Every structure is written in C-alpha cells, then in structure tokens.
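Biologist: Can we go through this one together? I would like to start with the sheets and then look at the surface.

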Amino acid sequence: MKTSTIHHSAIFAKNLLHAHNELPQSEKIQLKGSGAEALEALFLGSRGTNASTMLEMLQLALKFHVEFRRDYFPQDPDYLNEAIQNSPSFQNTVSMMKEEYIKLLQQLQESGTFFSMRSIGHMLWDTTTPGILGYFAALLYNQNNVAAEASPVTTLLEMHVGNELCKLLGYEVTPIPTSSNDPVVTTKGITGWGHITCDGSVANLEGLWMARNLKFYPISVRAALQNEAALSCAKGFEVKLLSGESKPLITLDDWSLLNLPIDEILDIPNQISAQFDLDITVIGNAIANYTVQNLGYYEIFQNSMTEVKNVPVSFCSAARHYSWPKGAAILGIGSSNMRSIQVDEKVHMDINHLRSELEFCLENKIPVLNVVAIIGTTEESAVDPLVDILAVRDEFRRKGLEFAVHADAAWGGYFKTMLNSPDESDPRLFASIEESEIATLPMSEYVKLQYQNIQLADSITIDPHKSGYVPYPAGGLCYRNSAMRNLVSFTAPVVYHGGVDPTVGVYGVEGSKPGAAAAAVYFSHKVIRPNSTGYGRLSGACFFNAKRLYAALVCMNIENLPFFVVPLIPIPAIEQGKSEAEVQAQYEFIRDRIVIKTNEEIMADPEAFALFKELGGDQTIVTYLFNFYNADRSKNSDMAKVNQFNDAIYKMFSFKPYEDNTEDTEIVVTSSAFTRDGYGDVLVDSLRARIGVNNLPDSSINFIISTIMNPWLTNTVEGSFIPQLMEIMIKNISNCLSKLQSENFNPTPEN
C-alpha cells in the first residue's frame with residue numbers, strides 16, 4: 001500500500017473514532033479551498049472499480065445516522081424490540097421486502113447504461129461519487145428546504161451552494177455567516193443571490209416570472225402612492241430615468257414607468273424607506289396590493305395603465321428549450337409572446353433580427369420583459385452572442401427601452417469553470433495559462449468572450465445535474481441583484497443584507513424540495529472546486545473529446561463507405577467556401593494530424609491544434625446526420641429517405657421501455673429535428689444543400705445528437721475508445737442501410 005493511502009486511511013479512521021466530537025467552527029459548512037487531485041477517484045468507474053470506497057462511505061453515512069437516532073433523547077421509548085423483530089410476522093415482512101427488493105434491483109439493471117464509454121447521446125453521464133454520497137447522507141434525514149425549521153442544516157447548505165454558483169458565474173456575493181452569533185454583514189454594492197431548483201425548466205420559469213413582475217413593479221408603485229394612506233407622505237418620491245434625469249414617479253406616464261432602469265426599480269422600497277422614514281414592511285405590503293402578481297394582467301391593464309395596452313413580449317433564439325414558451329403560457333404571458341429570433345448557420349442568435357424586433361417594439365410601445373441568451377443549446381450546444389446582446393441593450397436603453405437579459409446556461413454554465421482562477425478572492429478572476437493547464441485550451445475565442453461577460457446578465461440558469469455531474473434533481477438560478485428574489489416571493493419583500501435568511505423556500509416556484517439536492521451539490525463542490533483545477537479539468541477534457549469525436553466522424557467522408565456524414569458545423573474549408581481539392585486536403589489533414597494522434601501530440605503540433613480548436617460546435621455536443629450514395633455514387637436527393645435512414649440509426653442506437661435491450665444497443669445516441677418554422681430558412685437551406693436533397697422543402701431534417709460528458713473517452717487505461725466507436729458505427733450503419741435498401745425504403749409520406 002502506498003504511503004499516501006495509509007495516511008488518508010489513518011485520517012479516515014481518526015475521524016470515525018471522533019464522530020461524536022463537535023466540529024471546530026473553522027471546519028463547519030464552507031465552500032472554499034483546494035479540491036481533489038485525482039479526478040479518477042471521484043467517480044464509481046465504468047466497471048465499478050471504486051466500489052469499495054463508495055460502499056465504505058455509504059455505510060459510514062448510515063452509521064452516523066443511526067447513532068444520531070440513538071443519541072436523540074435516549075430515554076424515550078421505541079416501537080421496536082427483539083421480541084417484535086423475532087416475531088413471525090416481522091420476519092415474513094422482512095423476507096418479502098428483501099425478495100421484492102431483489103426484483104427491483106434486477107429490473108433496474110435494464111436501465112440506460114449512461115456510465116458507459118458507449119454512452120455518447122444524452123445530456124447525462126456518470127454522477128460524481130461526492131454528489132451521490134452527499135445526496136444519500138442527506139436523504140436519510142429527509143430535510144425539506146421549503147422552510148429552515150424543516151431543514152436546519154440543508155437550508156444552510158443551499159445558501160452556501162447558492163453563493164458558490166453565483167461566484168462560479170462571476171457574480172459578487174455577500175458571505176454567509178458561519179453561526180447565528182456572527183454579525184450580519186452589510187454591503188453597499190449590488191450582490192448576487194442563487195438557489196437550487198429542481199431543474200432548468202423551473203429556473204427558466206422563475207427567471208421569466210421575475211422579469212414579468214419587474215416590468216410592472218413601477219406601475220404598482222405609482223398606484224400605491226396614489227391610493228395608499230400609508231404612503232401619502234411619499235408622493236413626491238423621485239426616480240431616475242434611463243436618460244439620467246430624475247422625476248417624481250407619480251407623474252410619469254406608463255411607457256416611462258415600464259422602462260425604468262432595472263436597478264433603480266429594485267431599489268425603490270429601500271429609497272422610499274430611507275427618504276420618508278417608513279418601515280420597509282409597510283411599504284412592501286402597500287405596493288403588494290397593486291402588483292401583477294396579486295391582481296393579474298386584466299386588473300393592471302384596466303385600472304393602472306391607460307396609455308400602453310400591448311401585452312409584454314420576450315425574445316429567445318429559435319433554438320430555445322421548450323421550457324420558455326411553456327413558462328410564458330404558465331405565467332399568462334402567452335406562449336406566442338415568447339418570440340423567436342432567427343439563427344445563423346451555427347445556431348447563434350441573429351443580432352440583426354433581434355435589433356429589428358426590438359425596434360418594432362419601441363415604435364409600437366410593446367413592453368419587453370427580457371431577452372434570453374442561450375449559453376449552450378440543448379441539441380447543438382450553441383452559445384449565443386451574449387456580448388452583442390448586451391451591446392444591443394445598451395443601444396436601446398439610449399432610445400428609452402429597458403429589458404432584462406437572462407442567460408440560459410442550464411447546460412453550459414459549468415463550462416465557465418474552465419476559465420475560473422483557483423484564486424477565490426474575486427469571482428471575476430480568470431485563470432492564467434499556468435493555472436488552467438489543459439482546461440481552457442480547447443475553447444474557442446468566441447465562446448471564451450461570452451463566458452468572460454456572463455456576469456453582466458441579470459439572471460442565469462445553471463444546472464448542477466447536467467455538466468456538474470450531480471444526481472437529479474439539482475437545477476439552479478442565480479440573480480445578479482439579490483433584490484430580484486423579492487419579486488417572486490409570497491412574503492413581504494425585505495431588504496437583503498446578506499445575513500441568514502429565515503428560509504430559502506419562500507423564493508421561487510417550488511414548495512417542498514429535497515435538502516438532499518443541496519447536500520449533493522455542496523459535497524461535490526467541496527471536493528471538486530468550480531475552477532480550472534477541478535470542474536474545469538473535467539470540462540476541458542470533454543471539450544477535447546467532443547472535438548476528437550467530431551474529427552473522427554467527418555473523416556468517414558474520405559473512407560470508401562456507402563454513406564456520408566453531414567455535421568451541423570462543417571469543417572472550416574467547407575465553411576470558407578474552399579475548392580473541392582482544398583476540402584479533400586483538409587479532411588486528410590484532420591485524419592493524419594488529429595484523428596490518429598494523442599491529445600498530447602495534437603497540442604504539441606501548433607498547426608494541427610489551431611485547426612483542432614476550430615472544429616465542431618461551441619461546446620461538447622456534436623450534431624450530425626447521415627445520407628447515402630446511390631449505386632452510381634451520386635448523393636441520395638430524397639429528403640424522406642434521409643429522414644428514414646437517420647430515424648433507423650437512432651432507433652438502433654437507443655434504449656426503449658419494455659425492452660431488455662441494453663446489451664443489444666452497442667452505442668447510445670439521441671435525436672431531434674430541424675424545422676423551417678422553428679429554425680428559419682438560413683440554417684435549413686444551408687443544411688439541405690450540404691445534404692444534397694432537392695425535394696420536400698418544408699420537411700423536417702432529422703438528426704443525431706452525441707453529447708460528450710465522458711472526460712476519459714480518449715484517455716482510458718487502454719488509450720482512446722473513439723476508434724472502437726467508429727468501427728461500431730460504420731458496421732451498424734452499413735447494415736442498417738443495406739436493410740433499408742433491400743426493403744426499397746418505403747418511406748412514410750410526410751404531412
């Protein structure tokens with residue numbers, strides 16, 4: 001046994017011996033410091049190789065929990081004793097439970113094998129051992145983070161995790177007190193606030209809910225100043241407009257109130273309180289009588305607004321997640337008012353189209369709630385031009401139009417850890433080349449720029465249960481300005497000074513939610529720090545592997561195969577409109593200088609690495625489809641046959657309920673479809689041209705998705721697994737095509 005192993009085992013044993021001792025204050029809940037050195041120790045392993053460590057720690061969690069029960073008022077009676085445990089009915093019940101449990105365990109072995117090297121489809125892979133252990137340990141206590149008294153420990157964990165997620169994304173935060181005796185920390189500047197949600201869809205809903213309430217809040221304040229006796233002394237209260245001019249709020253027209261600066265709106269209760277010596281709770285209760293949250297749209301438009309009658313809208317790219325129109329429907333905004341902005345060939349939001357839509361809203365006095373920048377679309381991992389979106393907002397602020405910017409980084413949020421410095425003194429610090437090692441190298445300059453400015457977004461969705469490798473459910477939402485959370489609370493708004501809140505559960509959509517989720521994120525972050533030395537290394541390796549898979553896939557096109565691959569993002573030579581000979585030469589370069597090389601060899605080759613960084617999409621999802629050659633080697637031009645071919649490939653490489661087919665499914669991918677209505681003409685026409693089809697112009701384009709979350713795909717103990725994946729694909733896809741051709745395809749006519 002290695003000395004280091006003996007040392008760590010000794011520490012583990014010592015901690016077990018002193019399990020009942022009170023932890024020193026310095027070791028209580030906190031998220032800081034250096035993390036793990038060996039990432040391989042932090043997962044169970046594709047073959048379960050780290051099972052002994054996990055089992056030891058799971059048993060320890062159960063032991064601590066049982067001791068906790070035994071020591072809690074030990075003089076109290078129990079409902080169990082040996083006589084009951086030895087009774088026939090008790091023994092029969094235990095036997096039945098064990099028998100049924102074995103059946104459940106057997107059925108669970110028919111689950112998706114998302115821990116496998118062959119799982120290159122869905123937005124999930126293995127979960128971290130610390131995440132599992134944290135979840136399991138807290139699950140035994142069944143804490144409900146809806147209220148602090150139902151979760152005295154896991155509420156604190158969630159508060160620390162909320163701060164941690166904010167810092168990960170670049171928001172300033174106020175430190176969480178380490179005990180109830182600590183003085184409340186007050187801050188003069190704007191600080192962020194975050195919390196755990198069950199998933200990204202709920203976080204997106206909450207972000208939209210906040211933006212809606214924010215937009216109408218000044219209208220509600222005006223009504224309260226006009227009608228509430230408690231605020232009669234504050235009728236002269238002034239606010240600053242986008243122009244910088246200050247005017248009495250009560251004198252402003254509807255359009256001006258709907259376009260006050262965001263931080264000015266959020267500070268209204270505090271300013272009224274300070275200027276007119278009014279209790280903040282009295283102010284909050286008075287305003288609450290007139291909010292859209294309480295009254296609904298009809299009352300607001302009928303009684304509080306006489307000049308602006310257009311319902312508000314939001315904007316998101318055509319590649320948006322379905323949770324956005326769903327959220328708009330739930331909130332009464334209307335799904336049609338979550339308007340789509342066209343995308344370019346790389347599925348980035350078209351800034352010119354956004355600008356024209358905002359201009360239309362300005363001219364017609366249509367309020368704009370927010371613009372959503374997607375930082376990693378769920379099917380293409382495309383990163384919207386956030387920097388340009390922020391610049392457009394500045395442009396329209398000068399014209400008198402204000403709106404929030406939300407970054408939907410549910411999938412892509414954790415990739416920012418590739419850039420984060422291990423120096424935790426400032427969340428805005430970025431890692432140096434020496435600190436980042438391999439982590440930042442594969443990220444393109446365009447994507448880096450968006451991450452370096454993500455902290456300028458007003459709210460951000462981030463999901464630890466996606467690229468944070470934490471068990472479900474663990475989504476997250478972070479606000480740039482902590483006062484935003486008061487807009488989605490069903491209690492009177494309070495001034496946030498950064499102290500211990502009575503609960504985190506009053507903010508947001510959910511009621512009951514598992515404290516175990518907060519514990520899972522907490523412990524995973526405790527061991528794997530959210531910077532370039534921890535999560536950044538995981539993400540960086542996945543970036544490498546996604547680009548290597550892309551390179552291997554596109555090089556199928558220079559093999560003598562009966563089919564060819566069409567990636568969503570073409571190789572640079574095609575994108576640049578190079579000649580056929582130059583395209584062929586680049587394929588050969590990718591094969592000879594990238595595909596057959598190791599990661600180290602690629603990085604040591606400046607010319608190869610420069611091209612390598614430009615390959616594929618913005619993050620770690622590879623989007624592609626297949627077409628086939630006719631007998632004369634011309635491309636099939638029938639879109640229906642292309643779709644049938646790709647559907648058959650997807651079915652061959654996916655799991656299905658009611659079928660015990662895990663061992664028959666040699667690779668796991670997933671699929672989706674581009675539509676002209678959804679994505680627009682630019683993307684669809686470009687893709688159709690590269691596919692080589694000339695019929696059914698309004699047909700969907702069905703495609704395959706490979707999401708790379710396995711950091712060891714090219715670095716197993718036996719080398720890269722990608723060559724084996726390519727062999728499996730070529731064999732199965734060739735057989736699939738032969739079968740379809742023997743059946744004459746018989747494509748189903750499209751509607």
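Modeller: What follows is a short talk about two sheets and a surface patch, in a model that is predicted.

Biologist: Take the sheet of 7 strands. What is the order of its strands?

Modeller: The order is β1-β9-β8-β7-β6-β4-β5, in an open sheet with mixed pairing. At the edges are β1 (193-197) and β5 (338-341), each of which pairs on one side only. Neighbouring strands are turned by 20° against each other on average, direction ignored.

Biologist: How do β4 and β6 run, parallel or antiparallel?

Modeller: They run parallel, and 3 bridges join β4 (residues 313-317) to β6 (residues 368-374). F315 has V371 in β6 as its bridge partner.

Biologist: Which strands does helix α15 touch?

Modeller: Helix α15 (residues 386-397) packs on the sheet and touches β6 and β7 (404-409). The direction of α15 makes about 170° with that of β7.

Biologist: On to the sheet of 4 strands. What is its order?

Modeller: That open sheet goes β10-β11-β13-β12, and the pairing is antiparallel. The edges are β10 (563-567) and β12 (670-674); each has a single partner strand, so one side of each is left without a neighbour in the sheet. The twist from one strand to the next averages 40°.

Biologist: What holds paired strands together in general?

Modeller: Strands of a sheet pair through backbone hydrogen bonds.

Biologist: And how many bridges join β10 to β11?

Modeller: There are 5, and β11 covers residues 621-628. V565 has F626 in β11 as its bridge partner. β11 also pairs with β13, over 4 bridges, and there I621 stands opposite T707. On the β12 side, 5 bridges join β12 to β13, with A673 opposite N702.

Biologist: Is β13 enclosed or open, and why is that?

Modeller: 7 of the 7 residues of β13 are buried, so β13 is largely enclosed by the rest of the structure. I701, F703, I705 and T707 point one way, while N702, I704 and S706 point the other way.

Biologist: Which helix lies across β10, β11 and β13?

Modeller: Helix α19 (residues 535-554) does, running at about 10° to β11.

Biologist: Now the surface. Which residues form the nonpolar patch?

Modeller: Y101, L104, L105 and L108 form it, with about 380 Å² of accessible area together. L104 sits in helix α4 (residues 88-108).

Biologist: What is the relative accessible area of L104?

Modeller: The value for L104 is 40%, so this residue counts as partly exposed.

Terms used:
Residues are numbered from 1 along each chain as its sequence is written. This is a predicted model: local features need pLDDT of at least 70, side-chain atom pairs count only at pLDDT 80 or more; totals for chains, interfaces and linings use all residues. Side-chain values use heavy atoms; hydrogens and water are left out. Patches are made of residues with over 30% relative accessible area and no salt bridge: like charges are joined within 9 Å, nonpolar side chains (Val, Leu, Ile, Met, Phe, Trp, Tyr) within 5 Å. Accessible areas come from the Shrake-Rupley method with a 1.4 Å probe; for residues, only the protein chains shown count as cover. A salt bridge is a side-chain nitrogen of Lys or Arg within 4 Å of a carboxyl oxygen of Asp or Glu. Helices (H or I, at least four residues) and strands (E, at least two) are DSSP runs, numbered from the N terminus. Buried means under 20% relative accessible area, exposed over 50%, partly exposed in between (1.4 Å probe, protein chains only). Two strands pair if DSSP finds at least two bridges between them. Axes are lines fitted to C-alpha atoms, for helices over the stretch in contact, and angles run from 0 to 180 degrees between N-to-C directions. Contact means heavy atoms within 4.5 Å.
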